[in-house]
Amino acid sequence: MKNPHPVKRFFLHVVLASTALFFTACDPDSSPAAPKGAYEKGVFILNEGNFQKGNSAVSFFDRDTKTVVPDIFKTVNNRPLGDVAQSMAAHNNRAYLIINNSNKVEVVDINTFGSLGTISGLAMPRYFAAVNNKGYVTEWVNYGSKGRVSVIDLNTTTVTKTIEVGLMPENLIIFNNKVYVVNGSENTISIINAGTDALETTVTLAYSPNSLVLDRNNKIWVLAGGKKVYNPDFTVNESQSTAGSLIRLNPVNNAIELNLPFASRKDSPGQLKINGAKNILYYRYAGKIYQFDIAATALPTNALLNRNFYGLDVDPATDLIYGADAGFFTANGKVVRFNPNGTPLDSFQVAIGPNSFLFR
Amino acid sequence: MARWVYFSFLFYWLGLPGAQAQTDSLRGKDLREVQVFGQPVTRYAAGSRVTTLDSAFLHLQNNSTLAEVLQFRTPIYLKTYGQGMLATAAFRGTSASQTAVLWHGFNINTPTLGLTDFSIIPVNSFNQATIQHGSAGATYGTGAIGGAILLTSSEDQPTGLQLQAQQDFGSFGYSYTSLGGGYGNAKLNLQTNIYQRQAQNNFKFRNITKFGSPTEKQENASLTGRGFTQDATFKLNSRNTFGFHGWYAFNDNESQPNMVVANTHARLQNENLRLMTSWQHQSALGNTAVKAAFFNDFMHYQDDNNNSVTKVQTYQAQAEHAVLLKEKLSLKVGGEAQYFAADVASYGREVSEKRAAIFTWLRYNIFPRLQLSANLRQAIISGFNPPLAPTVGFNYYLKNNPVNSLVLKGNISRGYRVSTLNDRFWPTGNLNLIPEASWSYETGLKHQLKKEQLQISTEATLYHLAVDNWIQWIPNLIGQWQPQNLKKVLSRGVELSTEVAYQMQTIKLTAGSNYAYTHTEQQKSYQASGEPLNQQLIYVPKHTATAFGNIYHKNWLGSANLNFTGYRYTTAENDRWLPSFALLNLMVGKTFMFQRYQFQVIGKINNATNQVYQTMEYYAMPQRNYGLSLRFKFN
């Protein structure tokens, strides 16, 4: 942009300064709080990118203006986010970006997205949750060997302890000072005491649990994909496989209160999410999106959305459903928004391979 | 539609003088013995752009790889995944598997991946490299869509005994050792070369992807390679010649991780044994050549989480017969057969495949001014035959005198590529793939000037290359990646080149340059991929250029080679790109002669301008570095 003429620039400064003075002098109490950053309020879309291409990105969607900034990490920090962004979590005005194939977690100010540091020394990290100024990262470590949870001191952003869990630990939630970790390649959930950071117990659930949420009755819902045995041509061997299931776990006594098996042994349900009121679950099954009321005792037969999404979530502020369409991973993906009743609302383009959302 | 207009135009050219030539057909009975073999296959490539890599350059760079020499002398964009790492070609905007690479007439693209890694083809394993630009399925078979690279050993045979020894050193732990020898007499010619090469590649670079852009030392990028070549020809008598070529190469290379990813200690081992033997027979009926080859390709990829072994054995035979039908009309007919036996752990079973092809090639120099060629190939593969592949082309001399010649060229050609074994037999492979197919149209002008000490050769080519049923791996509904005939791609461009040689008493100067403009876009997608149409494909530079200059004075030589690579988009939307770069390599050498012994010392500066660049995004490349070559030769 061309610089204004010096005299004009001086005039501009005077006007700006006096305007600022006018506003501050006039009524300081009623003026809106200064924004903490460009990305204080909106929807973050995590785009995993292509394996080994280093093109992960966080896109930012402004609900009011409906504008998208495609790659805010790179825009702010002038370097790429990393290779295969798996997940993103917020805690105390910071965002933690779990970058799977870079074996790191990027820490940023959630309002400005300015980089605050990098947590390294991780091995195939997957998901993050935090409590007591400590972060917990699930890690696969290696295919075929036990996974682990690394405990991170959030002040120094360094790993202070590692706790062995089951095979391929996936998502985790923290409730009542306990960390619940689903082990994706076996049939268990590991429960870690967040006070002592020691494994408290391992509860057997169902094969391949992949996601979990806490409802408003403080019950934990776990979605398990089912055990899948593959034929040589990578189709599912149905006779040797088991169906997935939706499970309600009572964290008070670790009892399974409800176990709802799915019909198909071939398809794996996944992407369990919950709405803002914490009474309606959403998940993906057999290429469609379903809705489930926590009071129900049977799985729904009719889909809410007859469409497959790579990533799925519900905006707690608006109850709008966000679906991430990653396409063939060769071009930018898109996000499609739906009204709570399932009617499509609008869509917008993000970056390559959108997989999850964070609402602020 | 345009295709048929073009065809009829060419047939008009073919038909008209053909009718006039009928009268002297009687002469056709008088089959004279002519040296048809020894004629390059490019004889049948009238109208298309064919270039040869400068043998003096190949000799100076004999310790490097085909990837490096192509980068500095051709418009082909080499997608290089780090220093000395996996390098695949984008020729006229096409994909890595759409360039055929032939060694003594046999395709060496691996049947599993369908491509050649140019970083493991050492320059010392061939003496001649010919580059066919554009589709040429009729002559080179599968894979010749963007073009073909033909590797052969030298035509010049040694007489008496020759010996060579060479030792090179370079930055980042580079070392290259080779020993070679040759013997020749009237009947027998033998040439042997053995080499070993290694590099640590622990160069420093600024990691621009990390907080604070720290300077790091490259990890996991060391290279080790060794191999030998053996060429033998035996002239039994004036009518029968036997040939044998053997090429063994072993490479054990770490795979350089890019700046963004975790180092997973990836390592790629390749062991390739290629043997071929030929018999050439001349008789009153023409010239017959029979060739047989055996390839054993072993590949082992491993990293912290993967371990994959691929073994493929390829047995193949070719037979062809060439006749001179008339004074200036030569016809070659032939056939080939291939048998692949693949033992790939991931396939879950042994896989074999038989392929065959028949072809006929015609070259007709109707008038001194007009040369025509018309070629045809039909490949046969059980289950899915590739399309019939014709080529027609002409060279028309607008001007032809001892000083000046100006040729107008035109060519239309079909290319095709059979899907690879991985495409079909990988667990998520697709048995319903049909071969990729292309139509390539080109026209050009070539001017040559020979005047006393000065020689200038200039060529300009315009092309239009449409590739249909382009195969790409994409995820299906349940997230499994599977190959599909996904795209129709159109590539259009211009290629310009000029070379000058000037001799003046004790000084000889040679110089040249190449420029290519490449516009390649997806025109159609057969599935809703989300990839926008009509955008430049990723990693296809619109502009590439090379330039070189050599000076020879008495026993001294100086050489400069420049590569310019324009910006390349890294996203399908064309909203991000890698910046353009220029690489300059300099060499100075001196030769000392003592009777029949010759010593040569060559000093090299690579990346002399200290350019920071990437050919693939986030893969670090070394800045200025040095090399020294000590060469000994007897005879």
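**Exercise 1.** In which strand of chain B is B:A232 found? Describe its exposure and its surroundings in this predicted model.

*Solution.* Begin with the secondary structure: B:A232 belongs to strand β13 of chain B, which covers residues 223-235. Next, consider the environment, where 16 other C-beta atoms lie within 10 Å of B:A232; because a residue is called buried at 20 or more such atoms and exposed at 12 or fewer, B:A232 is classed as partly exposed. Then turn to its partners: once neighbours within four places in sequence are set aside, B:A232 is in contact with B:N189, B:L190, B:G243 and B:F244. Finally, B:T277, which is 45 residues away from B:A232 in sequence, is 9.3 Å from it in space, C-alpha to C-alpha.

**Exercise 2.** Determine where A:K66 and A:K278 are placed, and state the sign of phi and the exposure for each.

*Solution.* Take A:K66 as the starting point: it sits in the loop of chain A between β2 (57-61) and β3 (68-69), and its phi is positive, about 55°, although the residue is not a glycine. With 10 other C-beta atoms within 10 Å, A:K66 is exposed. Continue with A:K278, whose place is in the loop between β20 (270-274) and β21 (280-285) of chain A, and whose phi is likewise positive, at about 60°, without the residue being a glycine. Here 16 other C-beta atoms lie within 10 Å, so A:K278 is partly exposed.

**Exercise 3.** Identify the residues that touch the most other members of the largest nonpolar core, and follow the contacts of A:V222.

*Solution.* The largest nonpolar core has 87 residues, and those touching the most other members are A:L97, A:V105, A:F128 and A:V222. For A:V222, leaving out neighbours within four places in sequence, the contacts are A:V182, A:I189, A:L205, A:P209, A:L212, A:I247 and A:L249. A second core, separate from this one, holds 74 residues, including B:A96, B:V101, B:F394 and B:Y539.

**Exercise 4.** Characterise the contact between chains A and B from the side of chain B, and then describe the domain recorded at residues 47-148 of chain B.

*Solution.* Count first: 25 residues of chain B are in contact with 27 residues of chain A. On the chain B side, the residues comprise twelve nonpolar, eight polar and five charged. As for the record, an unreviewed UniProt entry places the feature "domain: TonB-dependent receptor plug" at residues 47-148 of chain B. In the model, this span is 18% helix and 25% strand, and its end C-alpha atoms lie 15 Å apart.

Conventions
Residues are numbered from 1 along each chain as its sequence is written. Chains are lettered from A and ligands numbered from 1 in the order in which they are written. This is a predicted model: local features need pLDDT of at least 70, side-chain atom pairs count only at pLDDT 80 or more; totals for chains, interfaces and linings use all residues. Two residues are in contact if their C-beta atoms, placed from the backbone, lie within 7 Å. Ala, Val, Leu, Ile, Met, Phe, Trp, Tyr, Cys and Pro count as nonpolar, Asp, Glu, Lys and Arg as charged, and the others, Gly among them, as polar. UniProt positions are given in the numbering used here, feature names are shortened, and annotations may be inferred rather than shown by experiment. Helices (H or I, at least four residues) and strands (E, at least two) are DSSP runs, numbered from the N terminus. A nonpolar core is a set of buried Ala, Val, Leu, Ile, Met, Phe, Trp, Tyr and Cys residues joined through C-beta atoms within 7 Å.
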